[in-house]
Amino acid sequence: MPALQAVLDALREAIEARAPGPAIEKSTVRIFRALAERAACDTAPGQRLPACQYWNEALNHARAAPCGLRVLADALHALEPALRWVTRPSENHASANFDQGHANAVLLGPNGLERRDDVWIGLSLMAPLVRYPDHSHPPEESYLLLSPGQFRQGDAPWFEPGTGGMLFNPPAIRHAMRSGPKPLLAIWCLPLRCAA
Ligand SMILES: [Fe+2]
């Protein structure tokens, strides 16, 4: 799917341009190396959710930010008709507005546009003033922020990577995110079974 490939190319360039440090670099190099082999794409129609009303606002913020996200934002805009947005359960300190206030879309991975079990790359979009549940997972995870928003790891204080910022969640660490007055849009990348 050319629109998906354009997003992946722009994502890779954005990460490399950031020189985000050894943990993220090692993890994302591993992910993009695995993507040299590609799987077929699902051609089912896209699906939107209420939180998708914030998609354009979030993308326009990323385009206008002085941190080199315009190409990635444009590629995401072109891919949007194919995205199938879903929700995750509300649990573990999620805000009361979480169900209606968030949407996730998997680009690559189990249940992704491109179905594969070695890599997981997806999007999270949150309405203003929404808190994502605390969660953890065995694979490590790298985030690229296309918007403002705060993150928390373990019991450490909330912190703000800033638009264009990145963060790394080590394997199994408890983590969460929350939006402020602006929508939150982030891309997450996890190596599931790809070679180290
Ligand atoms: Fe996570």
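Why is the sulfur of C52 not in a bond with the closest cysteine sulfur, in C41? In this predicted model, the two sulfur atoms are 19 Å apart, which is too far for a bond. A disulfide would require the sulfur atoms to lie within 2.5 Å. The residue C52 is itself buried, with a relative accessible area of 12%. A similar account holds for C67, whose closest cysteine sulfur belongs to C189 and lies 16 Å away, again too far for a bond. The residue C67 is partly exposed, and its relative accessible area is 22%. Across the whole structure, the search for disulfides finds zero.

The model contains an iron ion whose protein donors are H135, H137, E141 and H175. Each of the three histidines contributes its NE2 atom, while E141 contributes OE. The donors lie 2.2 to 2.4 Å from the iron ion. Along the chain, the donor residues follow the spacing H-x1-H-x3-E-x33-H. For four tetrahedral donors, the ideal angle at a metal is 109.5 degrees. To count as tetrahedral, four donors need all angles to lie between 85 and 135 degrees. The four donor atoms around the iron ion subtend angles of 77 to 153°, and the arrangement is therefore irregular. Two of the donor residues, H137 and E141, are buried.

Strand β2 spans residues 119-126, and seven of its eight residues are buried. This strand pairs with β1 (residues 102-108) in the antiparallel sense, over six bridges. Within that pairing, H102 has M126 of β2 as its bridge partner. Strand β2 is also joined to β7 (residues 184-191), by eight bridges, and these two strands likewise run antiparallel. Here W120 is bridged to L190 in β7.

Helix α3 covers residues 55-64, and its residues W55, A58, L59, A62 and R63 are buried. Viewed down the axis of α3, the buried residues fall within an arc of 140°, so they line one face of the helix. These buried residues pack against α4, β2 and β7.

Helix α4 comprises residues 70-79. Its buried residues are L72, A73, A75, L76 and L79. They cover an arc of only 165° around the axis, which means that they are on the same side of α4. On the other side of α4, by contrast, V71 and A78 are exposed. The buried residues of α4 pack against two helices, α1 (2-18) and α3, and against the strands β1, β2, β3 (141-145) and β7. Strands β2 and β7 are thus packed against by the buried residues of α3 and by those of α4.

The glycine G164 is located in the loop that connects β4 (150-153) with β5 (166-169). It is buried, with a relative accessible area of 10%, which is under the 20% that marks a buried residue. Leaving aside residues up to four places away in sequence, G164 touches R18, C67, L69, L144 and L145. One of these contacts, C67, is the partly exposed cysteine described above. By comparison with these contacts, R38 is 126 residues from G164 in sequence, and the C-alpha atoms of the two residues are 27 Å apart in space.

Key:
Residues numbered from 1 in each chain as written. Predicted model: local features only at pLDDT ≥ 70, side-chain atom pairs only at ≥ 80, totals over all residues. Heavy atoms only, no water. Donors = N, O, S within 2.8 Å, 3.2 Å for Na, K, Ca; no water. Tetrahedral: all angles 85-135°; square planar, octahedral: opposite > 155°, others 65-115°. Buried < 20%, exposed > 50% of the residue type's maximum accessible area, 1.4 Å probe, protein only. Helix = DSSP H or I, 4+ residues; strand = E, 2+ residues; numbered from the N terminus. Pairing = 2+ DSSP bridges. Arc of directions from axis to C-beta. Contact = heavy atoms within 4.5 Å.
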